[in-house]
Amino acid sequence: MSASSNPQPFPGLDLLATAVLLLERNLRINYANPAAENLFELSRKQLLGQPLAGLFVDAASLMQAIDKALMSRGSFTEQEIELAMPARHKLHLSCTVTPIEQGTAVLLVELRHIDQQLRIAREERLLEQQQANRELIRNLAHEIKNPLGGIRGAAQLLEHELGQPQLSEYTQVIISEADRLQALVNRLLTPHRLPNFRATNIHEILARVRSLILAEYPQGIAIHNDFDISLPELECDPEQILQAVLNVMRNAAQACHGKGEIRVITRVARQVTLARKRHRLALSLQVEDNGPGVPGELLERIFYPLVSAREGGTGLGLTIAQTFIAQHQGTIECQSEPGRTVFTILLPLTAAPHRNGHTP
Ligand SMILES: Nc1ncnc2c1ncn2[C@@H]1O[C@H](COP(=O)(O)OP(=O)(O)OP(=O)(O)O)[C@@H](O)[C@H]1O
Ligand SMILES: [Mg+2]
């Protein structure tokens, strides 16, 4: 048995998002790709040489799929199987088994998270919906912008013509409300500048955000950093990333009413799919707070424009953050329960080829 060696049977298997196992005739694992290590939360070393059935509490459905593939001598797919590993949540997977002849390996098993497929479909739907909403709001903002200028100008002229100074109180209301609307409309329209990419140290950006938040909340907010300092530089528009993180962290501080704890965590994430593209390395940046959490009915819509549960909030902070992150081919999502809200930003970590000629 050649389980101790881990041959690279097909070039590229290591890069797949799908978990792939190769099995020998005795159904022991002869090869496992990194996605399989992630799926089973076991290292290659732990997987190689193991009988496949031994990994699970009950592997009957998987074994049936293997039998069918062996009997039909062709590829067999089971759309939904449930596998339980000792002391772990159940895995819901789709499974394809294909007989092969590759050294001592006779079966290729592909396993995909069904939850992951559903999540990707849902994310794509949401993204399309959000783009449509943005377009609508942008057009609306444009339409509001022009007459606003006219209203403000006319109120100013009227003020000059007024005989009774006490009436200027009313024109002042018109002018200041027009200014407020103008500021809102400008915020709705700004995020569409194209990003200006350069190699950036993310931890320098986070340090700037930290000092801005601490200046806004001089007492009461504690910001803890948990950084992976080995992270390579991020090719990004530093101003946009700063604005995105600032919006997220300011929300956290506001939710805690200036009296909570914020934890900022940076890590390397491997083999992630962002905006339908697979990346070998990505930056994972999490902002966690111990505030009351996002109100349940809001959680699904939190990134939509003008959605706010905060007194005086315009509901644009997260929309702008999401737009900037999306312009970097990244994603931002939120998980929240009372006492723990986490915003996770994922950004591709692929150095620009013109800078150092290779990806990190
Ligand atoms: N960390 C958090 N904890 C609890 N609720 C949050 C958190 N972050 C965001 N929210 C909720 O999401 C809403 C939308 O946030 P968003 O930043 O888009 O708008 P806003 O903060 O209301 O206004 P602004 O445009 O000034 O940022 C907030 O009003 C708040 O209800
Ligand atoms: Mg906000």
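How many nonpolar, polar and charged residues does the shell around ligand 1 have? In this predicted model, the shell has nine nonpolar, eleven polar and two charged residues. In total, 22 residues surround ligand 1, and the closest are Asn251, Ala255, Ser308, Gly313 and Gly317. Two elements give two or more residues to this shell, namely helix 7 (238-255) and helix 8 (317-327). Helix 7 provides the largest share, four residues. These two helices are a good place to start a tour of the model, and their packing is described next.

Helix 7 and helix 8 pack with their axes 8 Å apart, at an angle of about 145°. The crossing in which helix 7 passes helix 8 is left-handed. On the side of helix 7, the contact is made by Gln240, Ile241, Gln243, Ala244, Asn247, Val248, Arg250 and Asn251, and on the side of helix 8 by Gly317, Leu318, Ile320, Ala321, Phe324, Ile325 and Gln327. Sorted by class, this contact of helix 7 with helix 8 has eight nonpolar, six polar and one charged residues. Asn251 and Gly317 appear in this contact, and both are also among the residues closest to ligand 1.

Ala244 offers a close-up of this packing. Ala244 lies in helix 7 and is buried, because 32 other C-beta atoms lie within 10 Å, where 20 or more are needed for a residue to count as buried. With neighbours within four places in sequence left aside, Ala244 is in contact with Ala321, Phe324 and Ile325. Those three partners are listed among the helix 8 residues that meet helix 7. Ala244 can also be related to a residue further along the chain: Ile332 is 88 residues away in sequence, yet the C-alpha atoms of the two are separated by 9.8 Å.

What of helix 8 itself, and how many of its residues are buried? Nine of the eleven are buried, so helix 8 is largely enclosed by the rest of the structure. The buried residues are Gly317, Leu318, Thr319, Ile320, Ala321, Gln322, Thr323, Phe324 and Ile325. Their cover includes helix 7, strand 11 (331-337) and strand 12 (340-348).

Helix 8 is followed by Gln329, which sits in the loop between helix 8 and strand 11. Gln329 has a positive phi of about 60° although it is not a glycine. Most residues other than glycine have a negative phi. Gln329 counts as partly exposed because 16 C-beta neighbours lie inside 10 Å. Glu41, another non-glycine residue, has a positive phi of about 55°. Glu41 is found in the loop between helix 1 (34-40) and helix 2 (44-47). With 9 other C-beta atoms within 10 Å, Glu41 is exposed.

Helix 7 also has a partner in helix 6 (residues 202-216): the axes of the two come within 9 Å and cross at roughly 40°. That angle makes helix 6 oblique to helix 7, and helix 6 passes helix 7 in a right-handed crossing. Helix 6 brings Ile205, Leu206, Arg208, Val209, Leu212, Ile213 and Glu216 to the contact, where they meet Pro238, Ile241, Leu242, Val245, Leu246, Met249, Arg250 and Ala253 of helix 7. By class, the contact of helix 6 with helix 7 has twelve nonpolar, no polar and three charged residues. Ile241 and Arg250 of helix 7 take part here, and they are also listed in the contact of helix 7 with helix 8.

Two further loop residues complete the picture. Leu162 lies in the loop between helix 4 (114-161) and helix 5 (168-189). Leu162 counts as partly exposed because it has 13 C-beta neighbours inside 10 Å. Leaving aside neighbours within four places in sequence, Leu162 is in contact with Leu167 and Ser168. Gly49 is found in the loop between helix 2 and helix 3 (60-72). With 14 C-beta neighbours inside 10 Å, Gly49 is likewise partly exposed. The C-alpha atoms of Gly49 and Arg28 are separated by 5.4 Å, although the two residues are 21 apart along the chain.

Definitions and conventions
Residues numbered from 1 in each chain as written. Chains lettered and ligands numbered in written order. Predicted model: local features only at pLDDT ≥ 70, side-chain atom pairs only at ≥ 80, totals over all residues. Near = placed C-beta within 6 Å. Nonpolar A, V, L, I, M, F, W, Y, C, P; charged D, E, K, R; others polar. Axes fitted to C-alpha atoms, helices over the stretch in contact; angles between N-to-C directions. Parallel < 35°, antiparallel > 145°, perpendicular 65-115°, else oblique. Left-handed = near helix turned anticlockwise from the far one by under 90°. Contact = placed C-beta atoms within 7 Å. Buried ≥ 20, exposed ≤ 12 C-beta atoms within 10 Å, placed from the backbone.
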